[in-house]
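Here's a short set of exercises to work through with the model open in your viewer. Try each task before you read its solution.

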Amino acid sequence: MNSQELNKFIKENVDKIYDEMVKIRRTIHMNPELGDEEFETSKLIKEFLSKNNIEFFEIINTGVVATIYNDDKKNGKNHTVATRADIDALPIFEENDVEYKSKNLGKMHACGHDTHTTIQLGVAKVLAKNKDKWNGTVRFFFQPAEETDGGADRMIKNGALKFEKRAFGNSDFGDKEKDSRGENRKIDAFFALHMAPEIPTGKIGVKVGKAHACSAQLKATIHGVSAHAALPHKGVDAILIGAKVLEFFQSIVSRRIDPREGAVITIGSFKGGETNNIVCDKVEMLGTIRTLSNETRLFIKETIEKDLPIFVKSLGGKVEVSIRLGYAPVINDEKMTDFVAGNIVDLFGKDALETIKEARMDVEDVSYFLNEIPGCFFRLGTRNEARDMIYDLHHPKFNVDEEAIKYGIGLQLKNILEYLKK
């Protein structure tokens with residue numbers, strides 16, 4: 001198919017399945033499950049895949065990896081493309097007044113993962129039903145625990161990128177071809193999306209290079225010496241030291257990091273003291289570190305671990321500090337991002353393309369897939385002010401304009417099928 005024929009094929013097939021996919025999205029939305037607890041969501045995914053004759057295997061309890069093999073035996077071509085959808089929800093009480101409101105009290109799809117999953121299922125269905133229109137292999141990652149404990153990293157470590165040897169039923173294939181189509185197969189391209197309530201429905205945002213920050217979790221416990229409030233000189237005030245430590249953290253960002261490099265340290269919890277007339281002897285601080293590069297994150301970590309104990313000691317106290325590295329930064333491949341941008345314009349017109357200029361400081365564990373496979377993580381517009389769909393991610397009134405499902409399925413089909421032409 002040429003580009004015009006492909007676009008027509010995509011739009012016709014998306015229209016055919018749209019009503020079905022809306023129902024699926026609403027079913028998932030009504031039944032949200034937290035990270036590593038997505039048993040019913042996983043069951044729905046597996047039933048859908050089975051119904052559409054798509055191979056899959058289970059991974060890390062609730063994860064699912066599906067594959068459609070459509071090898072070009074005549075020409076020996078077999079590019080492999082992968083997509084990913086996260087499937088977990090958040091511990092949030094939904095405040096939307098809709099017929100498909102969450103039935104699981106205190107749990108909500110407030111980040112759009114219900115729609116990510118729906119779009120990926122729709123893409124798989126169209127590809128499985130139209131194998132005569134394309135050649136190659138497509139792998140689908142249905143990933144648990146994006147919001148909690150890095151499901152992407154655990155999926156990869158447990159074999160999500162690996163392929164088993166397959167029998168082709170044709171003795172004409174040589175050993176080399178069997179290997180390339182079996183366990184030595186590599187994934188050539190990766191495409192994933194995220195709901196974007198800051199972008200109107202019908203527009204799709206792309207960002208070359210650094211797109212999301214990396215993170216680390218920080219805990220500092222400051223020990224002082226208790227004393228009567230009337231005799232503070234006999235004690236060491238952990239609260240006073242804690243206030244100075246807050247300044248210490250901010251001085252790292254403002255005076256020790258290149259101002260052109262994105263970095264932020266946030267202390268979200270500061271706890272100490274039990275009463276009003278005793279000098280506090282212990283303060284616990286919890287926070288996060290966000291940077292746009294692993295190098296800057298490592299610099300901050302090493303600086304705090306090396307210099308903070310010396311700083312606190314100079315004030316008469318002691319400190320225990322623990323820093324646990326979180327998700328890696330999301331970095332989009334330049335060629336793949338340009339490829340996606342071109343597909344957006346070709347399929348939906350130039351007005352549908354939104355070029356994102358600034359990286360986001362929130363984190364996303366899709367980074368682990370992008371570390372292994374060249375690809376692009378793009379943002380699918382879902383803002384509709386006329387329908388009051390204006391609330392940000394993780395808000396109790398966040399909701400998705402379901403018209404975005406058409407754009408998501410359409411663009412992912414375009415990305416996959418155009419790449420497999422190569």
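**Exercise 1. Aromatic rings**

Which residues do ring pairs link into a cluster? Keep in mind that this is a predicted model.

Solution. Start with the total: there are nine aromatic pairs in the structure. Next, follow the pairs that share a ring, and you get a cluster made of Phe-141, Phe-190 and Phe-369.

**Exercise 2. Charges over a ring**

Look at Phe-163 and work out how far from the ring centre Arg-139 lies. Then do it again for the charged end of Arg-185.

Solution. The cut-off here puts CZ of Arg within 6 Å of the ring centre and within 35 degrees of the ring normal. Step one: Arg-139 lies over the face of Phe-163, with 3.9 Å to the ring centre. Step two: Arg-185 has its charged end over the ring of Phe-163 as well, 4.9 Å from the centre.

**Exercise 3. The eight-stranded sheet**

Trace the open sheet of eight strands and say whether its pairing is parallel, antiparallel or mixed.

Solution. Walking across, you meet S1-S2-S4-S3-S5-S16-S6-S15, and the pairing is mixed. At the edges are S1 (55–59) and S15 (353–355), each paired on one side only. From one strand to the next, the twist averages 25 degrees.

Now zoom in on one pair: S3 (residues 80–86) and S4 (residues 136–143) run parallel over seven bridges. Within that pair, Thr-83 has Phe-140 of S4 as its bridge partner.

Then add the helices. H2 (residues 39–51) packs on the sheet and touches S1, S2 (63–70) and S4, with its direction at about 15 degrees to that of S2. H10 (residues 404–419) packs on the sheet too, touching S3, S4, S5 (189–200), S6 (204–206) and S16 (375–383), and makes about 160 degrees with S16.

**Exercise 4. Strand S3 and the core**

How many residues of S3 are buried? And which residues touch the most other members of the largest nonpolar core?

Solution. For S3, the count is seven of seven. Split the strand by face: Thr-80, Ala-82, Arg-84 and Asp-86 are buried on one side, and Val-81, Thr-83 and Ala-85 are buried on the other.

For the core, which has 63 residues, the winners are Leu-127, Phe-140, Phe-142 and Ile-409. Helix H1 (residues 3–30) supplies the largest share of this core, 10 residues. A second core lies apart from it, with 25 residues including Met-155, Ala-160, Phe-163 and Phe-369.

To check one hub, list what Phe-140 touches, leaving out residues up to four places away in sequence: the list includes Val-64, Ile-68, Thr-83, Val-123 and Leu-127.

**Exercise 5. The four-stranded sheet**

Why is one side of S10 and of S13 left without a neighbour in the sheet?

Solution. First get the order: this open sheet runs S10-S12-S8-S13 with antiparallel pairing. S10 (263–272) and S13 (318–325) are the edge strands with a single partner each, so one side of each has no neighbour in the sheet. The twist averages 15 degrees from one strand to the next.

Inside the sheet, S8 (residues 214–223) pairs with S12 (residues 282–291) over 10 antiparallel bridges; Thr-221 stands opposite Glu-284 in S12.

Last, place the helices. H6 (residues 238–255) lies across S8, S10 and S12, at about 170 degrees to S10. H7 (residues 294–314) lies across S8, S10, S12 and S13, at about 170 degrees to S13.

Conventions:
Residues are numbered from 1 along each chain as its sequence is written. This is a predicted model: local features need pLDDT of at least 70, side-chain atom pairs count only at pLDDT 80 or more; totals for chains, interfaces and linings use all residues. Side-chain values use heavy atoms; hydrogens and water are left out. Two strands pair if DSSP finds at least two bridges between them. Helices (H or I, at least four residues) and strands (E, at least two) are DSSP runs, numbered from the N terminus. Axes are lines fitted to C-alpha atoms, for helices over the stretch in contact, and angles run from 0 to 180 degrees between N-to-C directions. Contact means heavy atoms within 4.5 Å. Rings of Phe, Tyr and Trp (its six-membered ring) pair if their centres lie within 6.5 Å; planes under 30 degrees apart count as stacked, over 60 as edge-to-face and the rest as tilted. A nonpolar core is a set of buried Ala, Val, Leu, Ile, Met, Phe, Trp, Tyr and Cys residues joined through side-chain atoms within 4.5 Å. Buried means under 20% relative accessible area, exposed over 50%, partly exposed in between (1.4 Å probe, protein chains only).
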